[in-house]
Each structure stands twice: as C-alpha cells, then as structure tokens.
Amino acid sequence: MMYLDKSPQLVETRVFSSMPAEFRRPGVSSKWADANRGGHPVDCFIEGPSFKSGNLYVVDIPFGRIFRISPDGIWSLIIEYDGWPNGLKIAPDGRVLVADYMNGLMELDPQRGTIRPLLGHRNSESFRGCNDLHIATNGGIYLTDQGQTGLHDPTGRVFRLCPDGRLDCLISNGPSPNGLVLSPDEAVLFVAMTRDNSIWRVPLMRDGGVAKVGRFSLFFGTSGPDGLTMDQKGRLFVAHASLGHVFVMAPNGETIARIKSCAGATCTNLVLEAANGTLLITESSTGSVLMADLAHLP
C-alpha cells in the first residue's frame, strides 16, 4: 500500500445489520470450513453483497444459502441448496447471477426461490472453484476460477463469457484470482489475486485478448485482497480479508483512504450505493454488513 504526499484518510464504519441468531449455525461442521477454515466450524460466512430493487442480497457460503436484507435490516432466506455460493451480481436485465464454488455459474430466481446452472464446465473440464463475477454493460460476464490455487500452484483462471456464448480464458496463471471489476470505460479489468496479496491490472485488447498484465498494487497480511468495486471516478475499493479494512486506490494506484471495520478483520466483499454515497461491506467473521459514508473521500 503506497501513498505519495498525504497519508490515507481514515473513514469509520458502523454496523448496518448482522445475521440474526435464528439463521446462524453455531458448532455445525461443514466441508467448506474443513477446507478453508482449518476444520473450525463457522456459524456463517457471508459474501457477495449486491442491490436489487432496494434490497441487499448476500450469500452464506458454507451452508449454501442466499439472503435478502430489507432497507431496514431485516433478513429473509431466499434459498438453501447444495452448493457454495460466493460471488453474486445483478445483470443489466435484472437477472441474479451467482458464482458458485461447487457448481459454477448459476442463475437465481428470487421470486420462486429456485436456482439453476448456467455454466458448469469449459470444454468438458469442470471449474476449479468459481469465486466471483463482474458483468459488463453489454452483458458479458467476467468470472474468476480460483479453486485452491496460490503461489504454490498459480493456475487460477479468469474467464469472459461473451453475450454470444463464447468463453474466453483471459488469465490462466493466477495465484488465487478472486474479486474483479472493470474500469469505467471497460478497457481494463482489475483482479484481486488473494494469495499474491496484490491487484492485477489486465488491459483488454481490441482483438479480445489481454496484454501487458501487471501488478497495480501490493498488500500484506495472512490473507489478501478479496472483493473489488470501482466508482465512476476510477477509484478502486479493495476489501482485504485479513487486515480489517477496505482500501481506496486512486487511478494511479496510490492509497488515498482506508475504511476501517468496526467489527472483525475479515472484509470479504463490498458494494457501492451510489444514490446515498455509501459503501456496504461484508465482514464475514462476525456475519455483519458494515456501512461507510463516502461523502468526504478525496
């Protein structure tokens, strides 16, 4: 995390809403926790915040659940199914798309409480474990295939599912590709490489390929950057999964602000509520959704 003339501005958070006790599962083991939390049970692990019709949607990875949170913070369960939903985004046409570690790319019908697979493999090969997605204005879907990759096995992939159904592999050497977001002009893709503790900058070429991919920023910690979002000024918001912060990066990569969690240290994902100038953050270790006022950001 680098800055030039001014140290990053500190922005505080408050809890918007936490998962109610009735939905938590204390002491319940899960195969997800066995693999990703050293076998220690978790009562929930929320991720993937996205807005639809004024409500906030979040996923609960280990127990295959998707929730709707009303503007006044009331939780309701939409679906529980056999999967590990991770990223969730709302398409321009209103569809709710889910990156599911177990099942691939899925589509949720919130009204019916059903979910169906859209893309479960590439060339008959299963995904390693899909993590997050970003949807372009033309409906194209950028998808990270993270699995258990890392510096020991930098084979994580980033895909683009084009509107015509073509599936392009843009990155195949990623050490744990996670959150991703396009620049406002959609000419550059930013990807969180969690186990590299960095953000990669991926220029998108006119021929559909990528070139001159590089590190945009570098972090530290026992985990790394997770969810990403970007505003129309080109400021990149990085949720860090072990430092208890969201870091705000200027277009040149300088850290201009740090948004501090008032709950735990596991900031996994985030979404901008542009109309109110606020940021909502999933803090997964406590099952809380945090809120920050962005009105005075530099």
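Reader: What volume does the second largest pocket have?

Author: As a general idea, rolling a probe the size of a water molecule over the atoms shows where empty space is left. In this structure, which is a predicted model, the second largest pocket has a volume of about 450 Å³. Its lining is made up of 25 residues, and Trp32, Asn36, Arg37, Gln146 and Arg195 are those nearest its centre.

Reader: Which element gives the largest share of that lining of the second largest pocket, and how do the residues of the lining divide by character?

Author: Helix α1, residues 31-36, gives the largest share of the lining of the second largest pocket, with 3 residues. By character, the lining of this second largest pocket divides into 15 polar, 6 nonpolar and 4 charged residues.

Reader: And what is the volume of the largest pocket, and which residues lie nearest its centre?

Author: The largest pocket has a volume of about 900 Å³, and of the 34 residues that line it, Thr229, Met230, Asp231, Gln232 and Leu272 lie nearest its centre. Two or more residues of this lining come from each of the strands β3 (46-52), β7 (85-90), β13 (130-135), β17, β21 (225-230) and β25 (267-273), and the largest share, 5 residues, is given by β25. The lining of the largest pocket divides into 19 nonpolar, 9 polar and 6 charged residues.

Reader: Turning to single residues, where does asparagine 197 lie, and is asparagine 197 buried or exposed?

Author: Asparagine 197 sits in the loop between β18 (188-193) and β19 (198-203). Buried here means under 20% relative accessible area, so asparagine 197, at 9% relative accessibility, counts as buried.

Reader: With which side chain does the side chain of asparagine 197 make a polar contact, and which residues is asparagine 197 in contact with once its neighbours within four places in sequence are left aside?

Author: The side chain of asparagine 197 makes a polar contact with the side chain of histidine 240, at 3.0 Å, and a polar atom of the asparagine 197 side chain also lies 3.2 Å from the backbone oxygen of glycine 221. When neighbours within four places in sequence are set aside, the residues in contact with asparagine 197 include Ser217, Leu218, Phe219 and Phe220, and both His240 and Gly221 are on the list as well.

Reader: How should I read the backbone of serine 176, and what is its phi?

Author: Serine 176 is not a glycine, yet it has a positive phi of about 80 degrees. Serine 176 belongs to the loop between β16 (167-174) and β17 (177-182), and it counts as buried because its relative accessibility is 1%.

Reader: What phi does glutamate 186 have, and where is glutamate 186 found?

Author: Glutamate 186, which is likewise not a glycine, has a positive phi of about 60 degrees. Glutamate 186 is in the loop between β17 and β18, and its relative accessible area of 25% makes it partly exposed.

Reader: How many disulfides does a search of the whole structure find, and why is cysteine 44 in no such bond?

Author: The search of the whole structure finds 0 disulfides. For cysteine 44, the closest cysteine sulfur is that of cysteine 267, and because the two sulfurs are 14 Å apart they are too far for a bond. Cysteine 130 is in no disulfide either, since the nearest cysteine sulfur, in cysteine 169, is 12 Å away, while a disulfide needs a pair of sulfur atoms within 2.5 Å.

Reader: Are these two residues, cysteine 44 and cysteine 130, buried or exposed?

Author: Cysteine 44 counts as buried, at 3% relative accessibility, and cysteine 130 is buried too, with a relative accessible area of 0%.

Notes:
Residues are numbered from 1 along each chain as its sequence is written. This is a predicted model: local features need pLDDT of at least 70, side-chain atom pairs count only at pLDDT 80 or more; totals for chains, interfaces and linings use all residues. Side-chain values use heavy atoms; hydrogens and water are left out. Helices (H or I, at least four residues) and strands (E, at least two) are DSSP runs, numbered from the N terminus. Buried means under 20% relative accessible area, exposed over 50%, partly exposed in between (1.4 Å probe, protein chains only). A polar contact is a pair of N or O atoms within 3.5 Å; within protein, one must be able to donate a hydrogen and the other to accept it, and residues adjacent in sequence count only if both atoms are side-chain atoms. Contact means heavy atoms within 4.5 Å. On a 1 Å grid over the protein atoms alone, a cavity is a set of points where a 1.4 Å probe fits but cannot get out, and a pocket is an open set with protein on both sides within 12 Å along at least five of seven lines; lining residues have an atom within 4 Å of a point. Grid points are joined across faces, edges and corners, and a volume is the space filled by probe spheres set on the points. Ala, Val, Leu, Ile, Met, Phe, Trp, Tyr, Cys and Pro count as nonpolar, Asp, Glu, Lys and Arg as charged, and the others, Gly among them, as polar.
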